[in-house]
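Visitor: I would like to learn how to read a few features of a protein model. Could we start with charged pairs and then turn to the core?

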Amino acid sequence: GLFRDDIQTTWIAQCKDMKVPCSPVFSLIDTLGDPVAIRQWNIDGLPKDSFSVDNGIITSMARRWPLMIDPQEQANKWVKNMSKKVGGGMVTFKLSDGDFARSLENALQFGNPTLCEDVKEDLDPMLEPVLLKQVFKSGGVLSIKLGDSVVEYHKSFKFYVTTKLRNPHYLPEVSVKVTLLNFMITPEGLEDQLLGIVVLKERPELEEEKMQLVLEAAENKRLLKEVEDRILHTLSASQGNILDDPEAIAVLAQAKVIGDEV
């Protein structure tokens with residue numbers, strides 16, 4: 001944690017020296033996080049500490065499928081809970097399963113979120129087209145080659161990989177095909193989790209109030225974004241002096257009322 005803070009301080013100082021605009025404190029959660037989505041991830045089992053939430057954000061936004069180092073099986077639990085509500089349910093398999101290719105093929109066709117769990121340091125070559133997203137159009141339909149078969153590729157398909165190994169060594173040819181994430185619990189993360197459990201047990205009303213505030217804050221951000229979009233549209237569509245446009249004045253007045261309420 002201290003090492004990461006030192007890097008952050010040095011990075012920010014260098015940005016300021018080169019006149020690059022930057023925030024005084026870097027936070028992936030503030031920059032890319034959606035409070036409502038993060039709250040749902042926590043409900044589904046993602047630990048509440050910032051390190052785990054950062055991993056969750058990267059998992060949901062990275063272009064490559066995630067490979068999660070997960071000795072405590074926190075990521076496993078989170079992915080399963082998060083995906084079971086998706087239509088069709090989740091497909092789970094191990095590379096040691098004899099019929100894992102059939103499970104993967106069905107998931108690709110029907111768009112089921114898929115978890116390949118408990119992998120070792122080598123991944124089956126059959127996964128390569130999936131990891132590299134080697135999707136192509138065949139007869140106007142998105143397709144992917146899996147082994148000797150060409151199967152239809154559903155655009156809703158999501159793929160997760162987890163390992164129980166505590167300190168795996170993945171060769172570069174594996175690392176470049178995935179987003180490698182460390183979900184091992186940290187001392188800070190353990191403290192945050194224990195604090196969350198204590199508050200939930202001792203003061204459940206505070207936990208409930210926090211949930212309500214998160215939802216309200218997210219809704220307020222959505223309303224403000226709508227107001228901003230409406231103002232920008234009004235300004236761009238208005239011809240001549242905006243003070244002579246009664247419709248534009250009405251929109252701006254309404255936007256001010258909503259902004260004050262928020």
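Guide: This is a predicted model, and it holds 12 salt bridges. As a general idea, side chains of opposite charge can pair when their charged atoms come close.

Visitor: Which residue meets Lys164 in a salt bridge?

Guide: The partner of Lys164 is Glu73, with 3.8 Å from N to O. The two sit 91 residues apart, Lys164 in the loop between strand 7 and helix 8, Glu73 in the loop between strand 1 and helix 5. Lys164 is partly exposed because its relative accessible area is 41%, and Glu73 counts as partly exposed at 35%.

Visitor: Is Glu117, which pairs with Lys94, buried or exposed?

Guide: Glu117 has a relative accessible area of 11%, so it is buried; the cut-off for buried is under 20%. Lys94, at 29%, counts as partly exposed. The closest N and O atoms of Glu117 and Lys94 are 3.4 Å apart. Glu117 lies in the loop between strand 3 and helix 7 and Lys94 in the loop between strand 2 and helix 6, so this pair ties together parts 23 residues apart in sequence.

Visitor: How many residues apart are Arg222 and Glu219 in helix 10?

Guide: They are three residues apart, about one turn of helix 10. Their side chains form a salt bridge with 2.5 Å from N to O. Arg222 is partly exposed at 40% relative accessibility, as is Glu219 at 36%. Elsewhere in the list of pairs, Arg39, Lys48 and Glu207 are joined into one network by salt bridges that share partners.

Visitor: Now the core. What is the general idea?

Guide: In soluble globular proteins, nonpolar side chains tend to be buried together. Here the largest nonpolar core has 24 residues, and Leu104, Leu108, Leu127, Val130, Phe157 and Phe159 have the most contacts inside it. Elements that give two or more residues include strand 2, helix 7 and strand 5. Helix 6 gives the most, with four residues.

Visitor: Which residues does Leu108 touch?

Guide: Setting aside residues up to four places away in sequence, Leu108 touches Val130, Ile144, Leu146, Val151, Glu152, Tyr153, His154 and Phe157. A second, separate core has 15 residues, including Trp41, Ile57, Leu115 and Tyr160.

Visitor: Which residues of helix 4 are buried?

Guide: They are Ser52, Val53, Asn55, Gly56, Ile57 and Thr59. Their cover includes helix 2, helix 3, strand 1, helix 5, strand 7 and strand 8.

Visitor: Which residues make the nonpolar surface patch of about 270 Å²?

Guide: Leu190, Leu194 and Ile197 make that patch. Leu190 belongs to helix 9 and counts as partly exposed at 41% relative accessibility.

Definitions and conventions. Residues are numbered from 1 along each chain as its sequence is written. This is a predicted model: local features need pLDDT of at least 70, side-chain atom pairs count only at pLDDT 80 or more; totals for chains, interfaces and linings use all residues. Side-chain values use heavy atoms; hydrogens and water are left out. A nonpolar core is a set of buried Ala, Val, Leu, Ile, Met, Phe, Trp, Tyr and Cys residues joined through side-chain atoms within 4.5 Å. Buried means under 20% relative accessible area, exposed over 50%, partly exposed in between (1.4 Å probe, protein chains only). Contact means heavy atoms within 4.5 Å. Patches are made of residues with over 30% relative accessible area and no salt bridge: like charges are joined within 9 Å, nonpolar side chains (Val, Leu, Ile, Met, Phe, Trp, Tyr) within 5 Å. Accessible areas come from the Shrake-Rupley method with a 1.4 Å probe; for residues, only the protein chains shown count as cover. A salt bridge is a side-chain nitrogen of Lys or Arg within 4 Å of a carboxyl oxygen of Asp or Glu.
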